Amino acid sequence: MNGLMIDCCRTLEKHDYYHRLIDFMADWKMTHLQLHVTDNHGCAIAIPGFTHLAMPHAFTAADIAALCSHAADRGITIIPELETFGHSQYLTDHPDYSHLYAGVDKGPGEQKGGGMNPLDPRSLALMRRLIDGVIDLFPSPHIHIGCDEVKMAHFLEEEGVREEDAWADYVNALADHVRQAGRTPIIWADQLKKKPETAARLRKDIAVMEWDYEADATDAAIARLREHGFVEVMASPSIIFCRYRIFPTEIALSNTRRMVRHAFRHELTGVMNTAWCPHRYLTGALYYAIAYSAYLVEHRGTVAMSAFRQAFARSTFATDCNRALERFLSLWPRLNIRDQLARALCGEAPTTAELEAQLRAINTLGREALHHAARFKPRANHDIWHAMALSARVAWICAESHCAADDPVRREAFERELDTIIVAVEEEWDRTRQPDDPHKYTPHFKEPCSAYLIPLLYTLRQRSRSTPMHDPETTHTRETT
């Protein structure tokens, strides 16, 4: 398995994007596309019998049939992922199913950490119907049933039930239903790491995806899954998730490299890379990391970056990787606007000396990256290059919002450039996504603006225009700090 998971229910791309993505994946010899079709934020497909749950612009049955046929023609299998335990507010926020929620109620508008009540037989009955509906839509031999980040230990304790028992009984019952339909169930592995007793009780014909998104990801959890007797295990790195913004960073590339190597070292079923939270990134800026993941799997985790960059340039841009592109690609992943930085820029967290040093480094590297970007001209896929270069501008302007704060001339130039970048990002969103998607400007839950790309940029503009200059007589300079 050489695959990619796309989180299409938090923000749904225009449907033709997924067809193009499949073509791109096929060019890089990928074999599986996993569609994360449900989460707290909504349901991206019209499931038979549950079309009332579908979000605007959701895939219809005809859309899915066309997409699966397109993928099959190119040697790619589409695996649907239906959240059946945690991440299930697409159900429990609906008045017809709200009685099935278990966990801490954080109030209206909040994203909850609980999930479907595993002790209520109606939860299992509902999920069986939903699974049947998804199976009717997708011919894949695998069905991913989620089961990650289920936080209801306190609820189960109050009910007098051990967490590992309730968890294993519920998931085993779901897996049994999938198996009876002739499919293989897949789950995420985090609960099995958290509670080894759960892993011991879980049936071993469930396929498991071990996700670890750290740059220094180890293979310890993979080894333990093997020891527990799970036969079908996949390694799941991430090219982008909630800790990063705008585009894949060097941390994501390092994480992917390590997880691919772990997969081959332990002779796993394969690799399923992941791309989470589209409202945080530019769509076209992912292709580089998608290609890198595919190339790593093809080469068993050992790749010279210069060789990959040359292959990427020729395959994607129909040109050699000249000195300007080589230098841009070496700098670009280092422009890491991570979660902590984004929150500090939006005033949601303090700016420490460490964060300030990171912002200054990003600002300097960003200027150099943009200098080299201006010297490269692709011969094909101009829109992908535009998104990559634009993402570098966004990262640089985020750092510049801080670095220019105390210089009137620089700050004025920053505000003009920020206005230009905001327009460009909005146009890029409208080109690849639905212009009326509410996530374009508004967080879905009571989440901070720093967690959404365009609201982040608008917050930077608002803060710059409303924040007075620092008085050097009464305030330490940033250099001194």
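Start with the enclosed space: this predicted model holds one cavity of 30 Å³ or more. The space inside the largest cavity comes to about 30 Å³. To see its walls, select N40, H87, S88, Q89, T92, Y101, K112, G114 and G115, the residues that line it. Try colouring that selection by residue class: you should get seven polar residues, one nonpolar and one charged.

Keep H87 selected, since that residue takes us to the next stop. H87 lines the largest cavity, and H87 is also among the residues closest to the centre of the largest pocket.

**The largest pocket**

How big is the volume of the largest pocket? It is about 700 Å³. Of the 31 residues lining this pocket, the ones to pick for its middle are R10, H87, Q111, E149 and C242, which are the closest to its centre. Colour the whole lining by class and you'll find 13 charged residues, along with nine polar and nine nonpolar ones.

**Strand β10 and its partners**

Now select residues 184-188, which make up strand β10. Is this strand mostly covered or open? Mostly covered: five of its five residues are buried. Show the side chains and look at one face, where you'll meet T184, I186 and W188, then at the other, with P185 and I187; both faces are covered.

Next, bring in the neighbours. Add residues 142-144, strand β9, which runs parallel to β10 and is joined to it by three bridges. For a landmark in this pairing, click on I143, which stands opposite P185 in β10.

Then add residues 207-211, and you have strand β11, which also pairs with β10 in the parallel sense, over three bridges. Here the landmark is I187, standing opposite V208 in β11. P185 and I187, the two residues on one side of β10, therefore make handy markers: P185 has I143 across from it, and I187 has V208.

**A stop on helix α17**

For the last stop, select residues 408-432 to bring up helix α17, and find A424 within it. Why does A424 count as buried? Because its relative accessibility is 11%, and buried means under 20%.

With A424 still highlighted, add A387 and draw a distance between the two C-alpha atoms. The viewer should give 9.6 Å, for a pair that lies 37 residues apart in sequence.

Conventions
Residues are numbered from 1 along each chain as its sequence is written. This is a predicted model: local features need pLDDT of at least 70, side-chain atom pairs count only at pLDDT 80 or more; totals for chains, interfaces and linings use all residues. Side-chain values use heavy atoms; hydrogens and water are left out. On a 1 Å grid over the protein atoms alone, a cavity is a set of points where a 1.4 Å probe fits but cannot get out, and a pocket is an open set with protein on both sides within 12 Å along at least five of seven lines; lining residues have an atom within 4 Å of a point. Grid points are joined across faces, edges and corners, and a volume is the space filled by probe spheres set on the points. Ala, Val, Leu, Ile, Met, Phe, Trp, Tyr, Cys and Pro count as nonpolar, Asp, Glu, Lys and Arg as charged, and the others, Gly among them, as polar. Helices (H or I, at least four residues) and strands (E, at least two) are DSSP runs, numbered from the N terminus. Buried means under 20% relative accessible area, exposed over 50%, partly exposed in between (1.4 Å probe, protein chains only). Two strands pair if DSSP finds at least two bridges between them.
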